[in-house]
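Visitor: I would like to learn how to read a structure like this one. Please show it to me and take the features in turn.

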Amino acid sequence: MTTPYICITCGTQFPPSERPPERCPICDDERQYVGWSGQRWTTLDEMRRDHRNEIRDDLGLTGVGTAPSFAIGQRALLVRTPEGNLLWDCITLIDDAAVAAIRDLGGIRAIAISHPHYYSCVVEWSRAFDAAVYLHAADRQWMMRPEPVVEFWDGDTKTLWSGMTLIRAGGHFAGGTVLHHPQGAGGRGALLAGDIIQVVQDRRWVSFMYSFPNYIPLAAAEVDRIVASVEPYEFDRVYGAWWDRNVESGAKESVRRSADRYKKALAGAAT
Ligand SMILES: [Zn+2]
Ligand SMILES: [Zn+2]
């Protein structure tokens, strides 16, 4: 009997094994942390007993998140287009009710993920919908379950369908990716950014970090690179990684202004 174990702190699923793995490399990395009571594991069956998925609107897109919150607590977003739906970012729990509800919405053609902290149970999600999986090749080493369905794309951008583009922004992870959705925000364009461009508590602003839990900032040059990577695209909105964590409008200017504020702080000048 083998089980694909799941790390409780980061929500990453590992390949099937007889016993839980010794360590979780994602949590051992300085961008994450091992839970205070030590490395602990769960399984999908265990999770299904006391968690369920919630599917609801999040500022015009369909959000998919787990309640109560699990691991890092991100919600995924289903971008619906006539040419097929994209699941942006991924979550750990997959349950029958969510699969049925998403099938009713047209299923999933492909899954793209901002960075390794949200790789979660992507292989299970891909199997349930026969969906392609696009991850940036620069983060290949962090994919704990690199099955053949996973396509590691290389370079600065990858064109999808319906005008959507995956953009390698880097920063928090070398392959850190954001999605440009030109029809988003009522046709004004949206970026789906995970925490590569992090929408902060004051949702008129964003920020950038190498590690969020451990507060390790990024160098000014990295911040410049992130801003430059999205500069060619029109967008009025940024969707962050959690429910309702979005810059609703004026987001392109917000990204520029937030980068300036950040770099000023790094340089030692109060804003
Ligand atoms: Zn972990
Ligand atoms: Zn992260």
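Guide: What follows goes through a metal site, empty spaces, backbone angles and a few single residues.

Guide: This is a predicted model, in which local features need pLDDT of at least 70 and side-chain atom pairs count only at pLDDT 80 or more, while totals for chains, interfaces and linings use all residues. Residues are numbered from 1 along each chain as its sequence is written, chains are lettered from A and ligands numbered from 1 in the order in which they are written, and side-chain values use heavy atoms, with hydrogens and water left out.

Visitor: Which residues coordinate the zinc ion (ligand 2)?

Guide: Donors are N, O and S atoms within 2.8 Å of the metal (3.2 Å for Na, K and Ca); water is not among the atoms, so sites may look incomplete. Here His 115 through NE2, His 117 through ND1 and His 172 through NE2 coordinate the zinc ion (ligand 2), at 2.1 to 2.2 Å. Their spacing in sequence is H-x1-H-x54-H. His 117 and His 172 are 55 residues apart and link distant parts of the chain: His 117 is in the loop between β7 (110-112) and α4 (122-129), and His 172 is in the loop between β11 (165-168) and β12 (177-181). The labels α and β stand for DSSP runs, helices (H or I, at least four residues) and strands (E, at least two), numbered from the N terminus.

Visitor: Are His 117 and His 172 buried or exposed?

Guide: Buried means under 20% relative accessible area, exposed over 50%, and partly exposed in between (1.4 Å probe, protein chains only). Both His 117 and His 172 are buried.

Visitor: How many residues of α4 are buried?

Guide: Six of the eight residues of α4 are buried, so this helix is mostly covered. The buried ones are Val 122, Val 123, Glu 124, Trp 125, Ser 126 and Phe 129.

Visitor: What empty space is there in the largest pocket and the largest cavity?

Guide: Rolling a probe the size of a water molecule over the atoms shows where empty space is left. On a 1 Å grid over the protein atoms alone, a cavity is a set of points where a 1.4 Å probe fits but cannot get out; a pocket is an open set with protein on both sides within 12 Å along at least five of seven lines, and lining residues have an atom within 4 Å of a point. Grid points are joined across faces, edges and corners, and a volume is the space filled by probe spheres set on the points. The largest pocket holds about 270 Å³. Its lining has 19 residues, and Ile 72, Gln 198, Phe 212, Pro 213 and Trp 242 lie nearest its centre. There is one cavity of 30 Å³ or more. The largest cavity has a volume of about 40 Å³, and its lining includes Thr 12, Tyr 119, Cys 121, Val 122 and Arg 145.

Visitor: Where do Ala 71 and Ala 185 lie, and what is the phi of each?

Guide: Most residues other than glycine have a negative phi, and most peptide bonds are trans. Ala 71, in the loop between β4 and β5, has a positive phi of about 55°. Ala 71 is partly exposed, at 33% relative accessibility. Ala 185 has a positive phi of about 50° and lies in the loop between β12 and β13 (190-192). With a relative accessible area of 7%, Ala 185 is buried. Asp 130, just after α4, also takes a positive phi, of about 55°.

Visitor: Which peptide bond is cis?

Guide: The bond from Ala 67 to Pro 68 is cis, with omega near -10°. Pro 68 is placed in the loop between β4 (61-67) and β5 (76-79).

Visitor: What is Thr 42 in contact with?

Guide: Contact means heavy atoms within 4.5 Å. Leaving aside neighbours within four places in sequence, Thr 42 is in contact with Tyr 5, Ile 6, Ile 8, Met 47 and Phe 70. Thr 42 belongs to strand β2 (residues 41-42) and is buried, because its relative accessible area is 6%.

Visitor: Where is Lys 264 found?

Guide: Lys 264 is in helix α6 (residues 251-266). At 45% relative accessibility, Lys 264 counts as partly exposed.
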